[in-house]
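Here are my notes on this one, written as numbered points. Keep the viewer open and click along as you read.

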Amino acid sequence: ISDFDSFADTFNDVYEDCFKLETPKTTKRTMQNNPWITPALIISIKNCHQLYDKWVKARKVKCKLGERDSKGGLCHCTVCNCKRAEYTKYKDFRRELKNVKELAQASYNKGKFNEVKGDSKKTWQLINSIRGKGKRQIKPLFVIDNEKITNRRTIANAFNNYFVSLAPNLNKQYRSDTGEVALAPLPSFTDYLPATNNSSIFLNDCTPEEII
């Protein structure tokens, strides 16, 4: 099993090096989505990712003494010491980066609140945007006749034509040649009852007269 695990790890590493994805990785941590993220923070985030990649690379090496903990565990061999050191570097840097990001976000929000100080409407708009409850501007996009349409008037006319044509289409589908609406007969309540069991009996309750 250990030989197969080593083979699988080596195969994955070689495959990722030779057949990298053409589409680059994207992130939501941008100055447009989060204005409080400064260029210095972006560099620190990249450094954190690099430390994480180093730890991932170190934990892929199998311990010869059988330690399975990816963080090094209690083993003190060279491999596990390397895993422990790389994870400690990544964990400490991640903790410090989290604190710095929280301080940067708090400082940015404080400045924004000072800008709208005295205006209750803008203050509540800022609060809702921080909570993620602001109105989202979504650009309409519909596919009509295998063509992507973004024009609002064209989209509105397509919806209008669809709903206007519902009644005529239903009439054509359910109306007979004589002009009458061909409706399917309603099912009887007996259709929902279980089959009758002829081998069953029913006994009425005993009366006081029968007992006396």
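1. Start with one residue, D92. Its relative accessible area is 32%, so D92 is partly exposed. Keep in mind as you go that what you're looking at is a predicted model. D92 has a partner, R95, and the two form a salt bridge whose closest N and O atoms are 3.3 Å apart. R95 is also partly exposed, with a relative accessible area of 42%. Why are these two about one helical turn from each other? Because D92 and R95 are 3 residues apart in helix α3.

2. A bit of background for that pairing: side chains of opposite charge can pair when their charged atoms come close. How many salt bridges does a search of the whole structure find? It finds 2.

3. The other pair to click on is E115 and K112, whose side chains meet in a salt bridge with 3.7 Å from N to O. Both residues sit in helix α3, and again the spacing is 3 residues, about one turn of the helix. Are they buried or exposed? E115 has 59% relative accessibility, which is over the 50% cut-off, so E115 counts as exposed. K112 comes out at 26%, so K112 counts as partly exposed.

4. Now zoom out for the overall layout. The protein has 7 helices and 2 strands. Reading from the N terminus, the order of elements is α-α-α-α-β-β-α-α-α. Of its 212 residues, 12% count as buried.

5. Next, how the helices sit against each other. In general, two packed helices are described by the angle between their axes and the distance between the axes. Take α2 (residues 39-59) with α3: they pack at an angle of about 160 degrees, and their axes are 9 Å apart. An angle over 145 degrees counts as roughly antiparallel, so α2 is roughly antiparallel to α3. The crossing of α2 past α3 is left-handed.

6. Then try α3 (residues 78-115) with α4 (residues 120-130). What are the angle and the axis distance here? The angle is about 160 degrees and the axes lie 9 Å apart. That makes α3 roughly antiparallel to α4. As for handedness, α3 and α4 cross in a right-handed way.

7. Go back to the stretch between α2 and α3, because K71 lies in the loop there. K71 has 37% relative accessibility, so K71 counts as partly exposed. Which residue, 12 residues away along the chain, has its C-alpha atom 5.6 Å from that of K71? It's K83. K71 also has a C-alpha to C-alpha distance of 6.2 Å to Y87, with their positions 16 residues apart in sequence. Y87 is part of helix α3. At 13% relative accessibility, Y87 falls under the 20% cut-off, so Y87 counts as buried.

8. Further along, look at L141 in the loop between α4 and β1. L141 is exposed, because its relative accessibility is 51% and the cut-off for exposed is over 50%. Its C-alpha atom is 8.5 Å from that of I155, and the two residues are 14 apart along the chain.

9. The two strands, β1 (142-144) and β2 (147-149), have a loop between them, and N146 is in that loop. Check its backbone: phi of N146 is near 60 degrees, a positive value in a residue that isn't glycine. Buried or exposed? N146 is exposed, with a relative accessible area of 79%.

10. Last, the surface. F142, F159, Y162, F163 and L166 make a nonpolar surface patch of about 490 Å². Which helix gives this patch its largest share? That's helix α5 (residues 152-164), with 3 residues. One residue to click on is F163, which lies in helix α5. F163 has a relative accessible area of 52%, so F163 is exposed.

Technical notes: Residues numbered from 1 in each chain as written. Predicted model: local features only at pLDDT ≥ 70, side-chain atom pairs only at ≥ 80, totals over all residues. Heavy atoms only, no water. Patch = residues over 30% accessible without salt bridge, like charges linked within 9 Å, V, L, I, M, F, W, Y side chains within 5 Å. Areas by Shrake-Rupley, 256 points an atom, 1.4 Å probe, with all protein chains shown as cover. Salt bridge = Lys/Arg side-chain N within 4 Å of Asp/Glu carboxyl O. Helix = DSSP H or I, 4+ residues; strand = E, 2+ residues; numbered from the N terminus. Buried < 20%, exposed > 50% of the residue type's maximum accessible area, 1.4 Å probe, protein only. Axes fitted to C-alpha atoms, helices over the stretch in contact; angles between N-to-C directions. Parallel < 35°, antiparallel > 145°, perpendicular 65-115°, else oblique. Left-handed = near helix turned anticlockwise from the far one by under 90°.
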